[in-house]
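Here is a friendly walk through one protein model, taken a piece at a time. Have the picture open while you read.

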Amino acid sequence: QVQLVESGGGLVQAGGSLRLSCAASGSSFSINAMGWYRQAPGKQRELVATITSGGSTNYADSVKGRFTISRDNAKNTVYLQMNSLKPEDTAVYYCNVQARRSVYEFVYWGQGTQVTVSS
């Protein structure tokens, strides 16, 4: 089992910044891709950004140029630096981790952290 601990959400004014962190822990697992998704009230969960173990990144068009995803492989931690935040970025943000143990692959989700951007 892989445990994910998220931190860094909160309330910020439009134009401000927040940094989310998600630390993964678990024995006998190797961590592959990591990412962030978000879900706003009444909407489906959507991809925000992903990063592979090799550092290749992918972003939703709505956050390109404002958000940066990064990871520290030694700490099995993924970060999301969010700049120039807009009210429409308000959502619960979920960490997503793809892990492997032996020949088996697993997907884990964090508990979610609330990000609220006021206008």
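Keep in mind that this is a predicted model.

**A buried acid**

Let's start with Glu6, which sits in strand S1, residues 3-7. What is the nearest side chain of opposite charge to Glu6, and how far away is it? That would be Arg45, at 7.9 Å. Glu6 is buried and has no salt bridge. A salt bridge needs a side-chain nitrogen of Lys or Arg within 4 Å of a carboxyl oxygen of Asp or Glu, so Arg45, at 7.9 Å, doesn't make one with Glu6.

What Glu6 does have is backbone company. A polar atom of its side chain lies 2.8 Å from the backbone nitrogen of Cys95. The Glu6 side chain also reaches the backbone nitrogen of Gly112, this time at 3.3 Å. If you set aside neighbours within four places in sequence, the residues in contact with Glu6 include Ser21, Cys22, Trp36, Tyr94 and Gln111. Thr113 is on that list too, and we'll come back to Thr113 further down.

**Where charges do pair**

Side chains of opposite charge can pair when their charged atoms come close. This structure holds 5 salt bridges. Here are some of them, with the N to O distance for each:

| Positive partner | Negative partner | Distance |
|---|---|---|
| Arg38 | Glu46 | 2.7 Å |
| Arg38 | Asp89 | 3.0 Å |
| Lys64 | Asp61 | 3.1 Å |

Take the pair Arg38 and Asp89, whose side chains meet in a salt bridge. This pair links distant parts of the chain: Arg38 belongs to strand S4 (residues 30-39), while Asp89 is in the loop between strand S8 (77-82) and strand S9 (91-101), and the two are 51 residues apart. Are Arg38 and Asp89 buried or exposed? Both are buried. For Arg38, the relative accessibility is 6%, which is why it counts as buried.

The other partner of Arg38 in the table, Glu46, has 37% relative accessibility and so counts as partly exposed. Arg38, Glu46 and Asp89 also belong to a network of salt bridges that links them with Arg66.

Lys64 and Asp61 make another salt bridge. Lys64 is partly exposed, because its relative accessible area is 49%. Asp61, at 64% relative accessibility, counts as exposed.

**An open sheet**

Now for the strands. S1, the home of Glu6, is part of an open sheet of 4 strands in the order S1-S3-S8-S7, with antiparallel pairing. S1 and strand S7 (67-72) stand at the edges with a single partner strand each, so one side of each has no neighbour in the sheet. On average, neighbouring strands of this sheet are turned by 15 degrees against each other, ignoring direction.

Inside the sheet, strand S3 (residues 18-25) is joined to S8 by 6 bridges, and these two strands run antiparallel. To find one spot along that pairing, look for Arg19: its bridge partner in S8 is Gln81.

**Around S9, S10 and S11**

S9 pairs with strand S10 (residues 104-109) in the antiparallel sense, over 6 bridges. Along this pairing, Asn96 stands opposite Trp109 in S10. S9 and S10 form a hairpin with 2 residues between them, and Ser102 in the turn has a positive phi of about 60 degrees.

S9 has a second pairing, with S11: 3 bridges, antiparallel. There, Tyr93 stands opposite Thr113 in S11. That brings us back to Thr113, which lies in strand S11, residues 113-118. With 12% relative accessibility, Thr113 counts as buried. Not counting residues up to four places away in sequence, Thr113 touches Glu6, Gly9, Leu20, Ala91, Val92 and Tyr93.

Which residues make up the covered face of S11, and which the uncovered one? Thr113, Val115 and Val117 are on the covered face, and Gln114, Thr116 and Ser118 are on the uncovered one.

S11 also runs parallel to S2, joined by 4 bridges; one bridge partner pair there is Gln13 with Ser118. Gly10 lies in strand S2, residues 10-13, and is partly exposed at 26% relative accessibility. Its contacts, leaving aside neighbours within four places in sequence, are Leu18, Gln114, Val115 and Thr116. Gly10 and Val92 are 82 residues apart in sequence, with 10 Å between their C-alpha atoms.

Methods: Residues are numbered from 1 along each chain as its sequence is written. This is a predicted model: local features need pLDDT of at least 70, side-chain atom pairs count only at pLDDT 80 or more; totals for chains, interfaces and linings use all residues. Side-chain values use heavy atoms; hydrogens and water are left out. Buried means under 20% relative accessible area, exposed over 50%, partly exposed in between (1.4 Å probe, protein chains only). Lys and Arg count as positive and Asp and Glu as negative; His and the chain ends are not counted. A polar contact is a pair of N or O atoms within 3.5 Å; within protein, one must be able to donate a hydrogen and the other to accept it, and residues adjacent in sequence count only if both atoms are side-chain atoms. Contact means heavy atoms within 4.5 Å. Two strands pair if DSSP finds at least two bridges between them. Axes are lines fitted to C-alpha atoms, for helices over the stretch in contact, and angles run from 0 to 180 degrees between N-to-C directions.
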